[in-house]
Amino acid sequence: DILMELVKPYLHLIPFPNSKVSEELCTFNTQLLSTLTICRYGLDLKFMAFIMDTSETSVQRIFNGWVIFLATVFNRLDLIPADGYLLHKMPNAFIKTGHGRTDIIIDATEFKFQIASNFELCGLMFPITRTQPQGKL
């Protein structure tokens, strides 16, 4: 609810190119919740389409539009903490072990995502770099 209230003034900017996706299909609250659920649990779009009682194409358009929109919004946020904030919140044991000069803490969350069943498409997503043996031609 808090996230929705923050982005509500900008909902008209969600990119749904060449699409009939609108609030008539499902509410913006449902669209946001479905997008966050897909991201959190790595759900298949077919399964989410079944849950939402709509087509997989519509779910894909909703998901893509919201991800682009949220990425744009979140990229505008300044997440650097104020000077001294981390030091104030840091446990003493952390400071005593020499980590008192820490400037930022990064969350190492893992994300699950689907892998294409087509080997060539999978290769495009995860390119393998091969080194050529050096020698005379």
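**Exercise 1. Thr 35 and its surroundings**

Find the helix that holds Thr 35, decide whether this residue is buried or exposed, and list what surrounds it.

*Solution.*
Step 1. Look up the position: Thr 35 belongs to helix α2. Bear in mind that you are looking at a predicted model.

Step 2. Check the accessibility. The relative accessible area of Thr 35 is 2%. Buried means under 20%, so Thr 35 counts as buried.

Step 3. Follow the polar side-chain atom. A polar atom of the Thr 35 side chain lies 2.9 Å from the backbone oxygen of Gln 31.

Step 4. Now look further along the chain. Setting aside neighbours within four places in sequence, Thr 35 is in contact with Ile 62, Phe 63, Trp 66 and Val 67.

**Exercise 2. The overall make-up**

Work out how many helices and strands the protein has, and what share of its residues is buried.

*Solution.*
Step 1. Count the elements: there are seven helices and zero strands. Written along the sequence, the pattern is α-α-α-α-α-α-α.

Step 2. Turn to burial. The protein has 137 residues, and 20% of them count as buried.

Step 3. Consider the surface. The accessible surface is about 11900 Å², and carbon and sulfur atoms account for 58% of it.

Step 4. Ask how far along the chain the contacts reach. Taking contacts between residues at least 6 apart in sequence, 55% join residues at least 24 apart.

**Exercise 3. The nonpolar core**

Identify the residues with the most contacts inside the largest nonpolar core, and say which helix gives the most to this core.

*Solution.*
Step 1. Start from a general idea: in soluble globular proteins, nonpolar side chains tend to be buried together.

Step 2. Apply it here. The largest nonpolar core has 19 residues, and those with the most contacts inside it are Met 4, Val 7, Leu 11, Ile 14, Val 59, Trp 66 and Phe 69.

Step 3. Sort by element. Two or more residues come from each of α1 (2-7), α2 (28-41), α3 (45-52) and α4 (56-75). With six residues, α4 gives the most to this core.

Step 4. Zoom in on one member. Not counting residues up to four places away in sequence, Phe 69 touches Val 7, Tyr 10, Leu 11, Leu 13, Ile 14 and Pro 15.

**Exercise 4. The two sides of α3**

Find the buried residues of α3, and explain why they line one face of the helix.

*Solution.*
Step 1. List the buried residues of α3: Leu 45, Met 48, Ala 49 and Met 52.

Step 2. Look down the helix axis. The buried residues of α3 fall within an arc of 105°, and therefore they line one face of the helix. The spacing rule behind such a face is that an α-helix has 3.6 residues a turn, so residues three or four places apart point the same way.

Step 3. Turn to the other side. On the face of α3 away from the buried side you find the exposed residues Lys 46, Phe 50 and Ile 51.

Step 4. See what lies over the buried side: the cover of these α3 residues includes α2 and α4.

Step 5. Inspect the ends. At the N-terminal end, Asp 44 caps α3, with a side-chain oxygen 3.2 Å from the backbone nitrogen of Lys 46. After α3 comes Asp 53, whose phi is positive, near 55°.

**Exercise 5. Two loops and a serine**

Place Asp 53 and Leu 25 in their loops, then find what Leu 25 touches.

*Solution.*
Step 1. Asp 53 sits in the loop between α3 and α4. With a relative accessible area of 72%, Asp 53 is exposed.

Step 2. Leu 25 sits in the loop between α1 and α2. This leucine is partly exposed, at 38% relative accessible area.

Step 3. Compare positions. Leu 25 and Asp 53 are 28 residues apart along the chain, and their C-alpha atoms are separated by 9.9 Å.

Step 4. Leaving out residues up to four places away in sequence, Leu 25 touches Thr 54, Ser 58 and Ile 62.

Step 5. Follow Ser 58, which is in helix α4. Ser 58 counts as buried at 15% relative accessibility, and its side chain makes a polar contact of 3.0 Å with the side chain of Ser 55.

**Exercise 6. The salt bridge**

Find which residue forms a salt bridge with Lys 8.

*Solution.*
Step 1. The structure holds one salt bridge. The partner of Lys 8 is Glu 5, with the closest N and O atoms 3.2 Å apart.

Step 2. Check the lysine: Lys 8 counts as partly exposed, at 43% relative accessibility.

Note on methods:
Residues numbered from 1 in each chain as written. Predicted model: local features only at pLDDT ≥ 70, side-chain atom pairs only at ≥ 80, totals over all residues. Heavy atoms only, no water. Salt bridge = Lys/Arg side-chain N within 4 Å of Asp/Glu carboxyl O. Buried < 20%, exposed > 50% of the residue type's maximum accessible area, 1.4 Å probe, protein only. Helix = DSSP H or I, 4+ residues; strand = E, 2+ residues; numbered from the N terminus. Contact = heavy atoms within 4.5 Å. Areas by Shrake-Rupley, 256 points an atom, 1.4 Å probe, with all protein chains shown as cover. Core = buried A, V, L, I, M, F, W, Y, C linked by side-chain atoms within 4.5 Å. Arc of directions from axis to C-beta. Polar contact = N/O pair within 3.5 Å; in protein donor to acceptor, adjacent residues only side chain to side chain.
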